[in-house]
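Subject: Handover of the structure

Dear colleague,

Please find below the structure that I am passing on to you. My notes follow it, arranged by topic, so that you can read them with the coordinates open.

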Amino acid sequence: QPQQKQITFEENRIQRKRTGHTILRNMEASLTARDRVGIQDFVLLDTYTSESAFLDNLRKRFHENLIYTYIGTLLVSVNPYKELDIYSKKQMDTYMGVNFFELPPHIYALADNVFRSMQSEFNNHFILISGESGAGKTEASKKILQFYAVSCPSTKLLNNVRDRLLLSNPVLEAFGNAKTLKNDNSSRFGKYMDIQFDHQGGAVGGHILSYLLEKSRVVHQNHGERNFHIFYQLVEGGEEDLLRWLGLERNCQRYRYLVQGDCAKVRSINDKSDWNTVQKALSVIEFGESDIEHLFGIIASVLHLGNIKFEADVRGYASLNNNQEMHWLLGIPTQVLQQGLTHRKIEAKTEEVFSPFSVDHAVYARDALAKAIYGRTFNWLVNKINESLVNKDSSRKTVIGLLDIYGFEVFNVNSFEQFCINYCNEKLQQLFIQLTLKSEQEEYEMEGIEWEPVPFFNNKIICDLVEEKHRGIISLLDEECLRPGEATDLTFLEKMEEKISGHPHFVTHKLADQKTRKTLERGDFRLLHYAGEVTYCVVGFLDKNNDLLYRNGKEVMRQSKNAIIKHCFPSTEPDSKRRPETVVTQFKSSLVSLTEILMSKEPWYVRCIKPNEAKQPGRFDDVLVRHQMKYLGLMEHLRVRRAGFAYRRKYEIFLQRYKPLCPETWPNWKGTAAEGVQCLIKHLGYKPNEYKMGRTKIFIRHPSTLFATEDAFQVCKHKLATSIQAKYKGYRAKGDYLKQREAATKIETCWRGLLARKEREKRAWAAICVLICYRFIKGFMTRNQPVCVDNSEYLAYVRQNYLTRLRDNLPKTVMEKDSWLTPPPIMQEASQLLKKLYIRHMVRKYVQGITPQRKAQLLLKAQTSSMFKGKKENYPFSVCRPFMDTRIGAGDISIKVLQMIRHEHIKYSVPVVKYDRNGFRPRLRQLIFTQEAAYLVEDAKIKQRIDYISLKGNEESNTHGDLVLQCDYLFEALTKLSLIGNQQNSIKVVQGSVRFDIQPGREGFVDFKSGQESMVYRAKNGHLMVVTNSRG
Ligand SMILES: Nc1ncnc2c1ncn2[C@@H]1O[C@H](COP(=O)(O)OP(=O)(O)O)[C@@H](O)[C@H]1O
Ligand SMILES: [Mg+2]
């Protein structure tokens, strides 16, 4: 079975390549002249052994902005250092489902081919992106990811995963990338990302592995370099409120950890807009508000930590005076923090002793703490992102891995970090050699193919120099770190000089010859890496490798209120009785497992080249590029590709597939598979230089040879299939004929019977239907006649229909009583009766629901209505305003007044304005109705008592003259008055003008008119003018 499976894979592959080939012929014409500049695939280069020709081709294409070129299926990419218009959605569409040779080389073509191979072969792949720092690896990996995001099948759910995969990038870059001298966005951690696909090719999940973050950058940056982007983004982009809350100022110069490289501002970086991008991304990848708060709490704390200053006390110990920064640190009690930063805890037999730090020591411990906090937070971040990318479905997935790791780098001063980074690149180069140059050539040898070996530089010797057990640099470094006694960076150097002197790739000041010695300092050692020589300064190696954090540093962190810090410094962490693994050893084992992960997958390569050191577009530095070509092994790769064979396969498989093409091998070959293949290809007319016969496999040099064979096979397959089909049909037809005829007759009889029965049932049913229709129509036509045989059924139907509709459409309240369903003529009377009945029923229900209070209110309102309805213009607007028991609370009436009328029960009170009789000046008063009389009150004085009896309307004058009052609750007050004083009849509504007595014998007038705004004033004619707005 496995063999069969393999054939299907092979078929698939051929199928794909074949279609590619056919299209190639048509597409050749469609490539534009520009696309043809130089050669798209180095394999087609005539002088393929010439470095200069190789370089010329790269340069020519680069100047036409053609940054991609193939060597077979390997993609060479030259960093353009400018935006090119080749990454649009349209471009992506163009490259989807198309083969390599059909279109100009592109990273999308590679991505698409990887994807389709994975789909058809249902296996795992990875894309190794390599090149030195700034060559464009990270950009390439982003382009690939974007391509998948657009090209893979999508659903709402998948879009979610897609967005998270895409947006994990800006977040990780903010926290893990920084400006270096080589690259303004240099990855300071290694990243391997798995994208998981389901059967349909939908991206359903992902996982990120991160490698060794360059933590030392948190506390120190070389000149011209920056700390991690996120610090500057926070300070430049953070909202005012956030900064205030974190105790930060919007000024990078204020923070010691941000300015050591002296370049907080960089032209190519917009920290503010990057901040916004990161904020958006964080929300998409499921960071809650509190996560985000805590995360930036940590970033700010690191900045504050960096600003903490120590002073020496009289004994020379570090002391912390007046450090406001402490306040902002992670919610740790100041006392604890102070102690933790200036003392070290030592455990002596039974007790714990705190030993004070010197100032230098305290600074060191502070920086160690900052690095630990940042490093652990970074790991937390990666885990958190992984949680959001996890795919919960357990069905089998295939993956495409993307490896974007820090590139080879050489600075003026290189330290432990560069040592690790460059070692990592050696390992990846080793993997590349292993998988391409070496295994391919070994196979030829194994198969006994005549082969002129292509020499290549194998960097295994350097890998061994670094990692070999007991003798390698890593072992020596660890030994120095762990041994008791006074180990220093210099003793480490001496040890290396002693143990590895004479190694062709290792030299130090002491070991060097006269000439080389001049280029080396005493504390330096130099490695001849595959990519060039690098001089490392030994200072700091031991420290960085130990990465010691004092134990009470951890304990202090555990007291933090910050949830992330709590998580990163768990109390379950084993206390360092035993030393943890050194940094470099951890790194080494992580690289071993990375190699294992990669080895189990199908490899694809992108080799990135940096055209100049100045990060400038349009500049192509021949020397620089030639150097990279060399060390990336591009020439060797090309030579193996050229000299090698494009396809190979086992004799058995090849014969099995193509044997129909030759009469001697078809349908069965009696001899060995190798002989069969020999016979077959002789028949097909393969030329001697087109193939080689190995021990177990046939090797075919050019794809075209195989394409031709496959084409022939496809044609032959159809012919074969047709003739087999024809023969088989004839045979079956004859043999089965009689049997079939007999059976057919039987079936026919049964079938006819069945059909007849069905037909009969159908007819009976139709007759019933016709009868019903007839009666219905007849009924409709006679519907207005008296009930008779013809229409009785129809009318019954109408009745029932009306009643059911009425039931569903009854008015909900009395107010809607007019929305009664119109009845059909025969239901007129019944409908009338029903309506009456139903309205009564509703009214009864309504009345039953009224409370005694509401009833009293309504009675009052009825009284008002009888007095004012139709008489006063603004009466209708008052109807809906409920009456109150009183308008002045008992507490607002003076106690004196209450005292004076304490024997009379107060029934109602209301604020009024009294217009005095001379000049109509307005005065505020309270009008109180008791059982006995009405009172006009000013503050604590009763100004006037009026017996209800004396109220007689305005016809008769009284002794004091009349009282002119204005009241906002006129209808209410008058209704109350009329009831309390039993004075319904003395209330008159007048229009236009009213005459009254100022004093007996002296008359006054009040004129009424309506206007926009209500007001009362003394008019020129001496009358009191009352303007009312009709709604007032
Ligand atoms: N394909 C590209 N198109 C445009 N600019 C690019 C491209 N590749 C790289 N660059 C530029 O080069 C810089 C460095 O690339 P990067 O991928 O970060 O390098 P590496 O990861 O190899 O160190 C990017 O910030 C970008 O400005
Ligand atoms: Mg990078």
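How close do the axes of helix H5 (residues 137-151) and helix H6 (residues 156-176) come, and at roughly what angle do they cross? In this model, which is a predicted one, the two axes come within 9 Å and cross at roughly 160°. That angle makes H5 roughly antiparallel to H6, and the crossing in which H5 passes H6 is left-handed. On the H5 side the contact involves Thr 138, Lys 142, Leu 145, Gln 146 and Ala 149, and these meet Arg 162, Leu 165, Leu 166, Asn 169 and Glu 173 of H6. Sorted by class, the residues of this contact are 4 nonpolar, 3 polar and 3 charged.

Helix H5 also has a crossing with helix H4 (residues 107-121), where the axes again come within 9 Å but the angle is roughly 55°. H4 and H5 are therefore oblique to each other, and H4 passes H5 in a right-handed crossing. From H4 the contact draws on Ile 107, Tyr 108, Ala 111, Asp 112, Val 114 and Phe 115, while H5 contributes Ala 140, Lys 143, Ile 144, Phe 147 and Tyr 148. In the contact of H4 with H5 there are 9 nonpolar and 2 charged residues, and no polar ones.

Thr 138, already named in the contact of H5 with H6, has a part in a metal site as well. Which protein atoms are the donors of the magnesium ion (ligand 2)? They are OG1 of Thr 138 and OG of Ser 187, which lie 2.0 to 2.2 Å from the ion. This pair links distant parts of the chain, since Thr 138 belongs to helix H5 and Ser 187 to strand E5 (residues 186-187), with their positions 49 residues apart in the numbering. Thr 138 and Ser 187 are both buried.

A further helix pair is formed by H15 (residues 473-482) and H21 (residues 583-599), whose axes come within 9 Å and cross at roughly 145°. Here Ile 474, Leu 477 and Asp 478 of H15 meet Val 584, Thr 585 and Lys 588 of H21, and the residues of the contact divide into 3 nonpolar, 1 polar and 2 charged.

I also looked at some single residues and their surroundings. Is Asn 422 buried or exposed? Asn 422, which lies in helix H13 (residues 416-446), counts as buried because its relative accessibility is 0%. If residues up to four places away in sequence are not counted, Asn 422 touches Phe 408, Glu 409, His 529, Val 534 and Tyr 536.

Leu 258 is found in the loop between helix H8 (240-246) and helix H9 (271-284), and with a relative accessibility of 1% this residue counts as buried. Under the same exclusion of residues up to four places away, Leu 258 touches Gln 221, Asn 227, Phe 231, Tyr 232, Val 235, Cys 252, Ala 264 and Leu 303. For a sense of distance across the model, Leu 258 and Phe 713 are 68 Å apart in space, C-alpha to C-alpha, and 455 residues apart in sequence.

Arg 1002, by contrast, counts as partly exposed, because its relative accessibility is 39%. This arginine has its place in strand E26 (residues 1002-1010) and, leaving aside neighbours within four places in sequence, is in contact with Asn 918, Phe 996 and Asp 997.

Finally, there are some points of backbone geometry that you may wish to have at hand. The peptide bond from Trp 666 to Pro 667 is cis, with omega near -5°, and Pro 667 lies in the loop between helix H24 (651-658) and helix H25 (673-684). Tyr 81, although not a glycine, has a positive phi of about 55°, and its place is in the loop between strand E2 (74-78) and helix H3 (89-95). Lys 615, another residue other than glycine, likewise has a positive phi, near 55°. The loop that holds Lys 615 runs between strand E16 (602-609) and helix H22 (622-631), and at 23% relative accessibility Lys 615 counts as partly exposed.

With kind regards

Key: Residues numbered from 1 in each chain as written. Chains lettered and ligands numbered in written order. Predicted model: local features only at pLDDT ≥ 70, side-chain atom pairs only at ≥ 80, totals over all residues. Heavy atoms only, no water. Axes fitted to C-alpha atoms, helices over the stretch in contact; angles between N-to-C directions. Helix = DSSP H or I, 4+ residues; strand = E, 2+ residues; numbered from the N terminus. Parallel < 35°, antiparallel > 145°, perpendicular 65-115°, else oblique. Left-handed = near helix turned anticlockwise from the far one by under 90°. Contact = heavy atoms within 4.5 Å. Nonpolar A, V, L, I, M, F, W, Y, C, P; charged D, E, K, R; others polar. Donors = N, O, S within 2.8 Å, 3.2 Å for Na, K, Ca; no water. Buried < 20%, exposed > 50% of the residue type's maximum accessible area, 1.4 Å probe, protein only.
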